Amino acid sequence: MTENIWAYRVDVDHLAADLTGYRVEALDGGIGKVDKHSDEVTDAYLVVDTGVWILGKEVLLPAGLVTRIDHTAAVVHVDRSKEQIKAAPEFHRGEHLGNAGHREALVTHYLSGMPFGVPPA
């Protein structure tokens, strides 16, 4: 079931526009802007440039964390807190993008505490 986190939820309209530049909102506030995204069925994700929020670093968010996309306001909403995202394994695009070990570490991090390892619907 861990692959579900790497796919957009069926009710999320992710194909309506290029998400690059969209603001990303955690449950408790903004975390940055989408710098890169993938719509691949089993490898969908967002690379978010956090700006000054965590010293200009990027974070990799599996697409399964996206709950809603507001194309009018250009905002992507995710179902994790800023603290959960900040505490995720550190991401370096050149080193971790496509790295199976890093993907598994993210799955473990983002699904910890979830019932039966399944993200909320």
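## Notebook: strands, helix α3 and a few single residues

I began with strand β3, residues 45-49. Four of its five residues are buried, so β3 is largely enclosed by the rest of the structure. I note at once that this is a predicted model.

**Confidence**

I checked pLDDT before going further. The mean for the protein chain is 86, and 89% of the residues reach 70 or more. By element, confidence is highest in strand β6 (residues 75-78), at 98. Helix α2 (residues 93-96) has the lowest value, a mean of 84. I then looked at residues 115-121. There pLDDT stays under 50. The model has 12 contacts for this stretch beyond four places in sequence.

**Overall layout**

I counted three helices and six strands in the protein chain. Along the sequence the order is β-β-β-β-β-β-α-α-α. The chain has 121 residues, and 42% of them count as buried. I also looked up the accessible surface of the chain. It comes to about 6300 Å², with 55% belonging to carbon and sulfur atoms. For contacts I took residues at least 6 apart in sequence. Of these contacts, 56% join residues at least 24 apart.

**Neighbours of β3**

Which strands pair with β3? I found β2 on the list, residues 29-38, running antiparallel to β3 and joined to it by five bridges. One bridge pairs His37 with Leu46 of β3. The connection from β2 to β3 is a hairpin of six residues. Strand β4, residues 58-62, also pairs with β3, again antiparallel and over five bridges. I looked up two partners here. Asp49 bridges to Glu58 of β4. Val47 bridges to Leu60 of β4.

**Strand β4**

Is β4 covered or open? It is mostly covered, since five of its five residues are buried. I sorted its residues by direction. Glu58, Leu60 and Pro62 point one way, while Val59 and Leu61 point the other way. Residues on both sides are buried. The general rule for a regular strand is that side chains alternate between the two faces of the sheet.

**The β2-β3 loop: Asp43**

I stopped at Asp43, which sits in the loop between β2 and β3. Its relative accessible area is 27%, so Asp43 is partly exposed. What does Asp43 touch, leaving out residues up to four places away in sequence? The answer is Trp6, Ser38 and Arg103. I also took a C-alpha distance from Asp43 to Gly98. The two lie 55 residues apart along the chain, and their C-alpha atoms are separated by 8.6 Å.

**Helix α3**

Arg103 led me to helix α3, residues 100-111. I tested its length. At 1.5 Å a residue, its 12 residues should span 16 Å. The end C-alpha atoms are 16 Å apart, so the two values agree. Then I listed the buried residues of α3: His102, Arg103, Leu106, Val107, Tyr110 and Leu111. Why do they line one face of the helix? Seen down the axis of α3, the buried residues fall within an arc of 150°, so they share one face. I asked what these residues pack against. The partners are β4, α1 and α2.

**Helix α1: Glu83**

Next I looked at Glu83, in helix α1, residues 82-86. Is Glu83 buried or exposed? The relative accessibility is 54%, so Glu83 counts as exposed. The cut-off for exposed is over 50%. I also took its distance to Asp28, which is 55 residues away along the chain. The C-alpha atoms of Glu83 and Asp28 are separated by 9.1 Å.

**The β5-β6 loop: Ala74**

My last entry is Ala74. I found Ala74 in the loop between β5 (66-70) and β6. Its phi is near 55°, a positive value in a residue other than glycine. With a relative accessible area of 25%, Ala74 is partly exposed.

Key
Residues numbered from 1 in each chain as written. Predicted model: local features only at pLDDT ≥ 70, side-chain atom pairs only at ≥ 80, totals over all residues. Heavy atoms only, no water. Helix = DSSP H or I, 4+ residues; strand = E, 2+ residues; numbered from the N terminus. Buried < 20%, exposed > 50% of the residue type's maximum accessible area, 1.4 Å probe, protein only. Contact = heavy atoms within 4.5 Å. Areas by Shrake-Rupley, 256 points an atom, 1.4 Å probe, with all protein chains shown as cover. pLDDT = per-residue confidence, 0-100. Pairing = 2+ DSSP bridges. Expected span 1.5 Å × (residues − 1). Arc of directions from axis to C-beta.
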